[in-house]
Amino acid sequence: MSRRVLRALLGFVMIMAVCVGGGLATAGTAQADGCYTWSRTLKEGMKGSDVTQLQIRVSGYPGYNAVLAIDGSYGPATKAAVKRFQSAYGLASDGVAGPDTQSKLYALQDNDCTPIHFTYPELNKCNSTWAGGKVAAGTAKANALSSMWKLEAMRHALGDKSIRVTSGFRSVSCNSSVGGASNSRHMYGDAVDLGVSPHSLCTMAKQARNHGFNGILGPGYPGHSDHVHVNQGPNHHWDASQCGV
Ligand code: ZN
């Protein structure tokens with residue numbers, strides 16, 4: 001082996017050592033996250049934008065027929081939602097969002113802050129800008145994000161089997177072209193249509209009652225024999241009479 005090849009080889013080994021060392025250091029801290037990283041343990045009584053970030057991610061755990069307020073204030077409802085989230089993932093259920101709970105949330109999110117099993121394009125087959133609806137593009141996109149976290153909770157509760165999204169955000173023109181209702185929540189970005197299989201429509205309509213959706217329309221409601229519609233609109237409206245919802 002020539003000296004030059006040996007030197008190159010040694011250099012390569014040193015670079016590899018640095019890479020492996022860096023990798024281990026990252027794994028050891030375990031807090032780095034491409035989307036959002038909390039800097040403190042969160043618990044009841046706290047306020048802040050970090051609480052808001054937590055609330056978005058546990059908004060699918062409000063309990064039956066309830067909606068968790070995303071208000072940056074860690075009250076009893078947030079504590080109860082965190083407890084349900086912890087139980088759902090086998091963590092100690094104390095209602096305090098410490099390192100274990102935060103790590104689980106990091107594991108459940110992508111770098112764009114969407115939950116791992118749902119994507120922005122999936123929630124917006126209309127355009128890539130989120131513009132042209134009944135609210136500002138940023139609001140529509142934020143509404144879609146919280147819908148996705150609710151669906152992630154529902155997906156987990158249904159045995160980690162996929163949930164098929166057939167429609168999400170629609171601009172006013174997209175909504176007209178598919179024949180959507182003139183006041184459809186799809187134009188606000190907070191409505192999602194779910195298609196059959198692997199779950200039946202009634203399984204999803206019933207389960208959605210536990211995950212923070214004010215609107216649930218399904219079999220038995222006009223125009224909803226082939227999908228379940230869930231939304232986060234301000235009005236409570238559940239109607240899937242063939243499912244007992
Ligand atoms: Zn719909």
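Me: A disulfide is a pair of cysteine sulfur atoms within 2.5 Å. What makes Cys35 and Cys113 a disulfide in this predicted model?

Reply: The sulfur atoms of Cys35 and Cys113 are 1.9 Å apart. The limit is 2.5 Å, so the pair qualifies as a disulfide. The link has 105° about its S-S bond and is right-handed. It connects distant parts of the chain: Cys35 is in the loop between helix H1 (3–29) and helix H2 (49–57), and Cys113 is in the loop between helix H4 (99–107) and helix H5 (120–123), 78 residues apart. Both cysteines are buried.

Me: How many disulfides does the structure hold, and what is the pairing of the bonded cysteines in sequence order?

Reply: There are three disulfides. With the bonded cysteines numbered in sequence order, the pairing reads 1-2, 3-4, 5-6.

Me: Why is the disulfide of Cys126 and Cys174 called right-handed?

Reply: The sulfur atoms of Cys126 and Cys174 are 2.1 Å apart, and the torsion about their S-S bond is about 90°, so this disulfide is right-handed. Cys126 is in the loop between H5 and helix H6 (137–157), while Cys174 is in helix H7 (residues 172–177), 48 residues apart.

Me: Why does Cys126 count as partly exposed, and why does Cys174 count as buried?

Reply: Buried means under 20% relative accessible area, and partly exposed runs from there to 50%. Cys174 has 19% and therefore counts as buried. Cys126 has 22% and therefore counts as partly exposed.

Me: How do we know that Cys202 and Cys243 form a disulfide, and which parts does the pair tie together?

Reply: Their sulfur atoms are 2.1 Å apart, within the 2.5 Å limit, so they form a disulfide. Cys202 lies in helix H8 (residues 201–207) and Cys243 in the segment after strand S5 (237–239), so the pair ties together parts that are 41 residues apart in sequence. With -70° about the S-S bond, this link is left-handed.

Me: Is Cys243 buried or exposed, and why is Cys202 called partly exposed?

Reply: Cys243 has a relative accessible area of 7%, under the 20% limit, and is therefore buried. Cys202 has 22%, between 20% and 50%, and therefore counts as partly exposed.

Me: What makes His186, Asp193 and His229 donor residues of the zinc ion?

Reply: Donor atoms must be within 2.8 Å of the zinc ion. His186 (NE2), Asp193 (OD) and His229 (ND1) coordinate the ion at 2.0 to 2.1 Å, so they qualify as donors. Their spacing in sequence is H-x6-D-x35-H. Both His186 and Asp193 are buried.

Definitions and conventions
Residues are numbered from 1 along each chain as its sequence is written. This is a predicted model: local features need pLDDT of at least 70, side-chain atom pairs count only at pLDDT 80 or more; totals for chains, interfaces and linings use all residues. Side-chain values use heavy atoms; hydrogens and water are left out. Donors are N, O and S atoms within 2.8 Å of the metal (3.2 Å for Na, K and Ca); water is not among the atoms, so sites may look incomplete. Buried means under 20% relative accessible area, exposed over 50%, partly exposed in between (1.4 Å probe, protein chains only). Helices (H or I, at least four residues) and strands (E, at least two) are DSSP runs, numbered from the N terminus.
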